[in-house]
Amino acid sequence: MQDLAGKVAFITGGANGIGFGMVRAFLSEGMKVVVADWNPANIDKAKAALAGNNAVAFVRANVADRGDLKSAVDEALAAFGAIHVLCNNAGVNGGGTADDPDFDAWDKAMAVNLGGVVNASKLIVPIIKAQGEGGHVVCTSSMAGVVPLPGLAAYSTAKYAVRGFAESLRMQLAPLGIGVSCLFPGATRTGMLYAPEDKPEEAIDEAAASDFQKALWAAARDAIDPLDTGRAVAEAIKANRFYIFTNREFLDEVIARDREMEAAFPEQDPPSGRVKFETLRAELARNLLATGNRAVAADDAGDFGLDLNTTAVE
Ligand SMILES: NC(=O)c1ccc[n+]([C@@H]2O[C@H](COP(=O)([O-])OP(=O)(O)OC[C@H]3O[C@@H](n4cnc5c(N)ncnc54)[C@H](O)[C@@H]3O)[C@@H](O)[C@H]2O)c1
């Protein structure tokens, strides 16, 4: 989607932080935006910040609740008549460690951080497909979906899963002219990562804090401005770029992790049956991505080595 003007975006968790950064960046591209969020206080604040702008509509929805989300999608269509860009951005901290016996906290965090992405995609991607005007899906993972956070198993598990979901969706939608991007924020100054001065009402006693907490506040003070992240997302949609990384400080760790994986592969050559199947699968994936996100007419699919009826490996 090279020209965003006039297109409609549906942004979950759009009333604060990174989602609100996307809202502002998209509005300045001339888009219409539906903000779907579950927090009334954040919605009121975002409404006040955008007062008088009739290119934005607000709907209250919990992404973990499919019925709620379906009503929000209906409201979005009633407001603007179409949805071209879906941003699966709503997320929450928490969920616990791998050995924490609190199943409830785990389930709740997974229902938002992973379930919300799945729910909104299953409801909205069919609408984008049926419109036949192209489109884009952006999923907000995290650097915790590439380099896991020590102990925060629920958060990292969901964010790795979001990345897997987005990578699979990318191949499936490419020949339909619908792009997919995955956003991997590191420290970004939002409601999730803030310095004491961002929330004076919490009256935080900085002197009593641990060294780790102090380092976290220092990172928050130097964190990315969510509006810059929103602009990076708009640019990635226009350029049809899958990976959106905003925090360079992770690069060495990512490279080291890739090297560790490479070094863990067995030395012996695989047998021909396995090679043949994986070559076919890799070729299908390459051919799907080679469509470069231009809608491929059924008659032209052969040029890409594709049969559009069988673009899934089951
Ligand atoms: N801030 C960071 O440093 C950082 C780093 C990595 C990833 N992320 C990811 O970025 C995304 C946005 O987070 P943020 O930092 O902007 O946080 P934020 O708290 O500032 O904003 C998140 C917004 O999502 C909404 N929300 C949360 N759960 C929801 C639900 N179930 N249904 C609907 N709305 C819901 C909140 O009300 C809020 O308005 C999240 O997916 C988060 O995991 C953030």
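This briefing covers the sheet, the helices packed on the sheet, three helix pairs and the ligand shell. The model is predicted. Its sheet has 7 strands, is open and is paired in parallel. Helices H6 and H8 pack against that sheet. Helix H1 packs with H8, and H1 also gives the most residues to the shell around the ligand.

**The sheet**

- The strand order is E3-E2-E1-E4-E5-E6-E7.
- Strands E3 (56-60) and E7 (243-245) are the edges, and each pairs on one side only.
- On average, neighbouring strands are turned by 15° against each other, direction ignored.
- Strand E2 covers residues 32-37 and runs parallel to E3, with 5 bridges joining the two.
- Within E2 and E3, Val33 stands opposite Val56.
- Strands of a sheet pair through backbone hydrogen bonds.

**Helices on the sheet**

- Helix H6 spans residues 153-173 and touches strands E5 (135-140) and E6 (178-184).
- The direction of H6 makes about 160° with that of E6.
- Helix H8 spans residues 226-239 and lies across E4 (85-88), E5, E6 and E7.
- H8 runs at about 150° to E6.

**H1 with H8**

- Two packed helices are described by the angle between their axes and the distance between the axes.
- Helix H1 (residues 17-28) packs with H8 at an angle of about 55°, and their axes are 7 Å apart.
- H1 and H8 are therefore oblique to each other.
- H1 passes H8 in a right-handed crossing.
- H1 makes the contact with Gly17, Ile18, Phe20, Gly21, Met22, Arg24, Ala25 and Phe26.
- H8 makes the contact with Pro226, Leu227, Thr229, Gly230, Arg231, Val233 and Ala234.
- By class, the residues of this contact are 9 nonpolar, 4 polar and 2 charged.

**H4 with H6**

- Helix H4 (residues 103-113) and H6 cross at roughly 25°, and their axes come within 9 Å.
- H4 is therefore roughly parallel to H6, since angles under 35 degrees count as roughly parallel.
- The crossing of H4 past H6 is right-handed.
- H4 makes the contact through Trp106, Ala109, Met110 and Asn113.
- H6 makes the contact through Ala154, Tyr155, Ala158 and Lys159.
- This contact has 6 nonpolar, 1 polar and 1 charged residues.

**H3 with H5**

- Helices H3 (residues 66-80) and H5 (residues 115-131) cross at roughly 40°, with axes that come within 10 Å.
- That angle makes H3 oblique to H5.
- The crossing of H3 and H5 is right-handed.
- In H3, the residues that meet H5 are Arg66, Leu69, Lys70 and Val73.
- Their partners in H5 are Asn119, Ala120, Leu123 and Ile124.
- The contact of H3 with H5 divides into 5 nonpolar, 1 polar and 2 charged residues.

**Around the ligand**

- The ligand has 30 residues around it.
- Gly13, Gly17, Asn39, Gly91 and Gly191 come nearest to the ligand.
- H1 gives the most to the shell, with 3 residues.
- The shell has 13 nonpolar, 16 polar and 1 charged residues.
- Gly17 comes up twice: Gly17 is among the residues nearest the ligand, and Gly17 is also part of the contact of H1 with H8.

How values were computed: Residues numbered from 1 in each chain as written. Predicted model: local features only at pLDDT ≥ 70, side-chain atom pairs only at ≥ 80, totals over all residues. Pairing = 2+ DSSP bridges. Helix = DSSP H or I, 4+ residues; strand = E, 2+ residues; numbered from the N terminus. Axes fitted to C-alpha atoms, helices over the stretch in contact; angles between N-to-C directions. Contact = placed C-beta atoms within 7 Å. Parallel < 35°, antiparallel > 145°, perpendicular 65-115°, else oblique. Left-handed = near helix turned anticlockwise from the far one by under 90°. Nonpolar A, V, L, I, M, F, W, Y, C, P; charged D, E, K, R; others polar. Near = placed C-beta within 6 Å.
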